[in-house]
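Work through the following exercises with the sequence and the structure open beside you. Try each task before reading its solution.

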Amino acid sequence: MSLTILFAASDANWAEYAAPLRTALAEAGIAASLTRDAAPETVDFIVYAPSSALQDFTPFTRCKAILSLWAGVERIVANPTLTQPLCRMVDPALTEGMVEWVVGHALRHHLGMDRHIVNPGHVWDPTCPPLARERPVAMLGMGELGTAAARALAALNFPVTGWSRSPKHIDGIPCLHGEDGLAKALSTAQIVVTLLPKTPQTENLLNARTLALLPQGAVILNPGRGALIDDDALLAALEQGHVGHATLDVFRLEPLPPDHPYWTHPRVTVTPHIAADTRAPSASRVIAENIRRGAAGEPLLNRVDRQRGY
Ligand SMILES: NC(=O)c1ccc[n+]([C@@H]2O[C@H](COP(=O)([O-])OP(=O)(O)OC[C@H]3O[C@@H](n4cnc5c(N)ncnc54)[C@H](OP(=O)(O)O)[C@@H]3O)[C@@H](O)[C@H]2O)c1
C-alpha cells in the first residue's frame, strides 16, 4: 500500500527537500506519494515547518505523525488542533553544525582572537590566554545539541558543567539540575552556552538576577532561542562590563530589526540564525525512518512531550 505524505513547508523547503526525501523514502523501501496537496483525510504523515500555511490539523484524521523539519518546536507544540504525535528534528548533520558553531565561538573568546584580527595600531601584546582547562564553561541544556557541544568542549579540556531539567550522568561532565544547580553552574562559568528549548519555564532564564551570578567578564553564547535571554538585562550587564561579550545567533524577532541595539553594540556579535541548519539529505533519512516506524506501528523517534513543550 502506498502512503500519502503531505509536505507542508515553504516553497524553498520544497525545492530543497523534494528530491532527497524521495530518495530517502525509496532507500527505506517505503512506497509513498510525496505531495504538497492532498485531501486531508487521505494523508498518512505530514512533513512540517511553521513557515507552512497549515495551522489546523483537525481534518487530518488518518495522519499518524507530524514530522517537524525544525529542531525547535515552540511554534507548533501549543497548537490546540494538534492531536497527532509530533516529532522534532534530530539531524546528525545539524548537530555537527551546532558543535562547530559553539566550539568556534568559544575558542574565539577563549583565545582572545579579536585582539589580533582587529589590531589597527599594530600593538605587539604578547599576553597569552589561559589554557582551556582554566576556563570553566556552563552548558545550559544537555539534550542532543548541548551534550554534543559539551563533549566537544570537554575534549579540548574546558571544564564543562552541564545543566538540564532532569538529573544526568555523563562521563567527564558534571551535570546539575534545578535552581541551585543553575546558580552553581553560573557562579563559576567564564563561558555560558544556552542550548535550551523555548518553553514557559526557560523564557528569560538569563535575566538580571541570573546574569548577576556570573563572574565578571563572562561571555554568553546563545544559539538556543532569543527568548531565553532578557534582552534589557543583557544590555545592562554588557554596559556595566559584568558580561564581557555576547555572541547571539537567535532573537525574539528575526530577522533582527535594523535598529536593534545588538547590531551596533561593541560587545555583541550577531550571527543570523545560522548556528546549525538541518541538511536535507540526512534530515530526509531521519524522516523516512520515522515514517517507516510509524507505518509499522513501532515507536517514533524524537517524539515531543506536549506537556513539557519540547
Ligand atoms: N540556532 C540554531 O540554528 C538552532 C538549531 C537547532 C536547534 N536550536 C535550538 O536548540 C534547542 C535545543 O535543541 P536540542 O535538540 O538539544 O533539544 P533537546 O534534545 O530537547 O534538549 C533540550 C535540553 O534542554 C533541557 N531543558 C528543557 N527545559 C528545561 C528547563 N526548564 N530547565 C532546565 N533544562 C531544561 C532539557 O532537559 P532534560 O534533558 O532534562 O529534558 C534538555 O537537556 C532547540 O530547542 C532549539 O531551540 C537552534
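**Exercise 1.** Is leucine 221 buried or exposed?

*Solution.* Keep in mind from the start that the model is predicted. Begin by finding the residue, whose place is in strand β10. Next take its relative accessible area, which is 0%. A residue counts as buried when this value is under 20%, and leucine 221 is therefore buried. Finally, look at what surrounds it: leaving out residues up to four places away in sequence, leucine 221 touches Trp101, Val102, His105, Ala106, His109, Ile191, Val192, Val193, Thr194 and Thr247. As a further check on distance, the C-alpha atoms of leucine 221 and leucine 195 are separated by 9.1 Å, although these two residues are 26 residues apart along the chain.

**Exercise 2.** Decide where alanine 31 lies and how accessible alanine 31 is.

*Solution.* Alanine 31 is placed in the loop between α1 and β2, the latter spanning 32–35. Its relative accessible area is 46%, and since the class between buried and exposed runs from 20% to 50%, alanine 31 is partly exposed. Beyond residues up to four places away in sequence, alanine 31 touches Met1, Ser2 and Leu3. The C-alpha atoms of alanine 31 and valine 102, which are 71 residues apart along the chain, are separated by 39 Å.

**Exercise 3.** Describe how helices α2 and α4 pack, and then examine histidine 110, which lies in α2.

*Solution.* Two packed helices are described by the angle between their axes and the distance between the axes. For α2 (residues 92–111) and α4 (residues 144–155), the axes come within 9 Å and cross at roughly 45 degrees, so the two helices are oblique to each other. The crossing of α2 and α4 is right-handed. On the α2 side the contact is made by Leu94, Thr95, Met98, Val99, Val102, Val103 and Ala106, while α4 contributes Glu144, Leu145, Ala148, Ala149, Ala152 and Leu153. Sorted by class, this contact of α2 with α4 has 11 nonpolar, 1 polar and 1 charged residues.

Turning to histidine 110 in helix α2, its relative accessible area of 4% means that histidine 110 is buried. If neighbours within four places in sequence are left aside, histidine 110 is in contact with Pro129, Pro130, Leu131, Ala132, Arg135 and Phe158.

**Exercise 4.** Which residues touch the most other members of the largest nonpolar core, and which elements give two or more residues to this core?

*Solution.* This core has 31 residues, and those that touch the most other members are Leu140, Leu211, Leu214, Ile220, Leu234 and Tyr262. The elements giving two or more residues to the core are β6 (137–140), α5 (178–188), β10 (218–222), α7 (231–239), β11 (243–248) and β12 (268–270). Among the contributions, the largest share, 5 residues, comes from α7. To see one member in detail, consider leucine 140: apart from neighbours within four places in sequence, leucine 140 is in contact with Trp163, Leu182, Leu186, Val192, Val193, Thr194, Leu195, Leu196, Leu205 and Leu206. As a general point, nonpolar side chains tend to be buried together in soluble globular proteins.

Technical notes: Residues numbered from 1 in each chain as written. Predicted model: local features only at pLDDT ≥ 70, side-chain atom pairs only at ≥ 80, totals over all residues. Heavy atoms only, no water. Core = buried A, V, L, I, M, F, W, Y, C linked by side-chain atoms within 4.5 Å. Buried < 20%, exposed > 50% of the residue type's maximum accessible area, 1.4 Å probe, protein only. Helix = DSSP H or I, 4+ residues; strand = E, 2+ residues; numbered from the N terminus. Contact = heavy atoms within 4.5 Å. Axes fitted to C-alpha atoms, helices over the stretch in contact; angles between N-to-C directions. Parallel < 35°, antiparallel > 145°, perpendicular 65-115°, else oblique. Left-handed = near helix turned anticlockwise from the far one by under 90°. Nonpolar A, V, L, I, M, F, W, Y, C, P; charged D, E, K, R; others polar.
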